[in-house]
Amino acid sequence: MVTTLPIHAGSVAPYSGSRIFWDTSTQNTIFQSGGYARMIQLKDKRLMAVTENNGIDITFSSNLGNSWLSPTKLVANLPGIPECVPDLIQLADGTIIVVYNPRPSSPFSADRKFGIRCKRSIDNGLTWSDEILVYDGGWDWGTGVWEPSMLQLPSGELQLYFADESVYPTDNDQQISMCRSFDGGQTWSAPIKTSYRQGSRDGMPTAVILHDGATIATAFEDNGWAGVGDFIPTIGVCPLATNWHNYWISASSPNRWKACDYNYVPTDVKGGAPYLRVLPWGETVISHQSTYGDGANQMYIYVGDQNAKGFKAMSAPFSLGATESAMWNSLAVIDTGIVVAVAPISGRVQMIKGYPVNTLNANYAHPTIDGTQTVGEGYFKANATQMILGRQQGTRFTGDFAFDKDSLYFTSRVSDLDQVAIGGSYGDGVTLLLDARNVSQDKPATGVYRLFFRLDGTMQVMNGVDGSSSWQVHPVGDTLNVDYKVKRTTRYYIVEAAIPWSSLSFDSTPSNTDMRVNVMLQNRASTSSIPVFEMLPDSKRDESWSWMKLRIGDISLTKVDHPTASSDQSYLIKRNGNNLEADPLNCSSITLFSPSGVIIAQSKEAKIQLPTTRGIFIVRVELNDGKEYISKIQN
């Protein structure tokens, strides 16, 4: 029996939405020089990237960005006409299109116009068409056209959005315009207006089809919001059925809104160059640049809902020096939902991968508490990397969970070359914050715990108390009977802990239940420096409603084997080459999920094919008697 505690008066609706864990180990150079870079994943699973670099360069990766081919020049600059700000798309029929923006340099002359051009490839980027004219603007700086981006509709119609001041030659106004193509980019219509705020400059558009399949959402920078005094990311939407026919988004339209949820995002975070994408399960992600925070200009990324509203979970994917910038950025969503941030930093175009996570998980396992991490110990990910932090501090933190009938297991690994292991609460270490009863409070409350694993090998325990706004500190030596180990090397340290369910006031294993967790990495560069703290995105240390959900697995499913059984019929599920096979005598259906719960494949047969990409996947087998069994597989 699991004792249930009441929900208290201080309860707050729990945080919903995914948060992105940026993995500094994936940061890589795409182009040795360039700017305004964009990336997509092609139908053959390769990544393709394009950048502005004395013309337009392209390159490809066959291993999800781990390495890139030497770039090739797609478009060379003409005399006095730099080719700028490329974008790219692959159409449903496989055609790849790269669009770019000729921008004449001073001194201006009427024979050199600002414009939009494109090239097409029908053989996966091997060869390219001649240049195709999309649109010409004016010839001086006040009548330019800028920053093209593309979207294909389900009907096959191709749309090209761009910032357009050519229609306002007598003032400084700018609108978002759009041209259409019905033949795969070979010919284009005249532009129409899609958004405009009089006296302001809507600019740098991107467009997506939302998860409902019925809405076009555009992101653009807008410097006309009252009381803001700068550009901020803005969303404008149009019903797909309307498709911009006799329709555009005015300043007062209810279909124009500020992208960020300022209940979560600091109000002084301003800046332009937004880039919008949709995750496979429907949530939206947006990036933009801002002078807020570290570096001269930083790239910030947020997660929004399926309607492109309420963007929060603010994160900065790149760790910048004081004078570095990450400007004119973009996003790509690849594989089963990995977010790739792309930005020019110190002259080179860089990428880093982020992993959106909505719910953390603990699977049934029996890890050994010895301060080492061994692949296959049973944590949710084989290498115990369900959580990733450290970008803020230049360190790399990974963490993960497991459980058995006696304990909740927690492990973390912190890469740190400047370890400070001084006594008390002032040195380096990792804090696990646990809302064991999912009471979702705005202050520490009964059932909420704070466990600080210090680098010096000691541990501090605190817990919440109803009616108090502060933590109750346990006496030195009171560890709640937690079995833990902190092991150091010169390059990293590892924390492993087994927290007894009984110490969390459970009288039986709380399987198949939800908790809430937060982690806090505490790091000092030296004994004289001020500690720096990093937590899960948008988490508040003392407010468990803001922490992430931790799902404790179902203990009744522990009989499931990993798919490695022999070829006889006594198995539940096994791996056979690139297929997963269930017992054909008992299987009703088999479903393969990504770690975030997105269905990748489903079959009513007793066999399903694994994807070609590597990673962790979840497989669910439904039996003829209605029972379900779930397991993980490392591909």
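**Cavity, pocket and cysteines in a predicted model**

Me: Which residues lie nearest the centre of the largest cavity, and how many line it?
Reply: In this predicted model, the largest cavity is lined by 13 residues, and those nearest its centre are R38, M204, P205, T206 and Y275. Strand 6, strand 10 and strand 14 are the elements that each give two or more residues to this lining.

Me: What volume does the largest cavity have, and which classes of residue make up its lining?
Reply: The volume of the largest cavity is about 70 Å³, and its lining is made up of 7 nonpolar, 3 polar and 3 charged residues. A search of the whole structure for cavities of 30 Å³ or more finds 1.

Me: OK, pockets now. What is the volume of the second largest pocket?
Reply: The second largest pocket has a volume of about 1,100 Å³. It has 34 lining residues, and I40, Q41, R277, V278 and V333 are the closest to its centre.

Me: Which elements give two or more residues to that lining, and which gives the most?
Reply: Among them are strand 2 (35-41), strand 6 (83-90), strand 10 (145-152), strand 14 (203-209) and strand 41 (599-603). Strand 6 gives the most to the lining of the second largest pocket, with 4 residues, and by class the lining divides into 22 nonpolar, 7 polar and 5 charged residues.

Me: Switching topic: how many disulfides are there?
Reply: The structure holds 0 disulfides. For C84, the nearest cysteine sulfur is that of C118, 16 Å away, and C84 counts as buried because its relative accessibility is 7%, under the 20% cut-off.

Me: And why is C118 not bonded to C179?
Reply: The sulfur of C118 has its closest cysteine sulfur in C179, but the two are 10 Å apart, which is too far for a bond because a disulfide needs the sulfur atoms within 2.5 Å. C118 is buried as well, with a relative accessible area of 0%.

Me: Where does F397 lie, and is it buried or exposed?
Reply: F397 lies in strand 27, which covers residues 396-403, and it counts as buried, since its relative accessibility is 1%. Beyond its neighbours within four places in sequence, F397 is in contact with several residues, including M387, L389, V414, V430 and L521. F397 and D23 are 374 residues apart in sequence, yet their C-alpha atoms are 9.1 Å apart in space.

Me: What about the backbone: which residues does a cis peptide bond join?
Reply: A cis peptide bond joins S106 and P107, with omega at about 5°, and P107 sits in the loop between strand 7 (96-102) and strand 8 (115-121). Most peptide bonds are trans, and most residues other than glycine have a negative phi. A308 has a positive phi near 60°, and so does N481.

Me: Which of those two is buried and which is exposed?
Reply: A308 is buried at 0% relative accessibility, in the loop between strand 20 (298-304) and strand 21 (312-315). N481 is exposed, with a relative accessible area of 65%, in the loop between strand 32 (472-473) and strand 33 (483-488).

Me: Last one: where does pLDDT stay under 50?
Reply: The mean pLDDT of the chain is 90, and 92% of its residues reach 70 or more, but pLDDT stays under 50 over residues 1-9 and is below 50 over residues 558-571. Where pLDDT is low, the predicted coordinates should not be read in detail.

Notes
Residues are numbered from 1 along each chain as its sequence is written. This is a predicted model: local features need pLDDT of at least 70, side-chain atom pairs count only at pLDDT 80 or more; totals for chains, interfaces and linings use all residues. Side-chain values use heavy atoms; hydrogens and water are left out. On a 1 Å grid over the protein atoms alone, a cavity is a set of points where a 1.4 Å probe fits but cannot get out, and a pocket is an open set with protein on both sides within 12 Å along at least five of seven lines; lining residues have an atom within 4 Å of a point. Grid points are joined across faces, edges and corners, and a volume is the space filled by probe spheres set on the points. Ala, Val, Leu, Ile, Met, Phe, Trp, Tyr, Cys and Pro count as nonpolar, Asp, Glu, Lys and Arg as charged, and the others, Gly among them, as polar. Buried means under 20% relative accessible area, exposed over 50%, partly exposed in between (1.4 Å probe, protein chains only). pLDDT is the predictor's confidence in each residue, from 0 to 100. Contact means heavy atoms within 4.5 Å.
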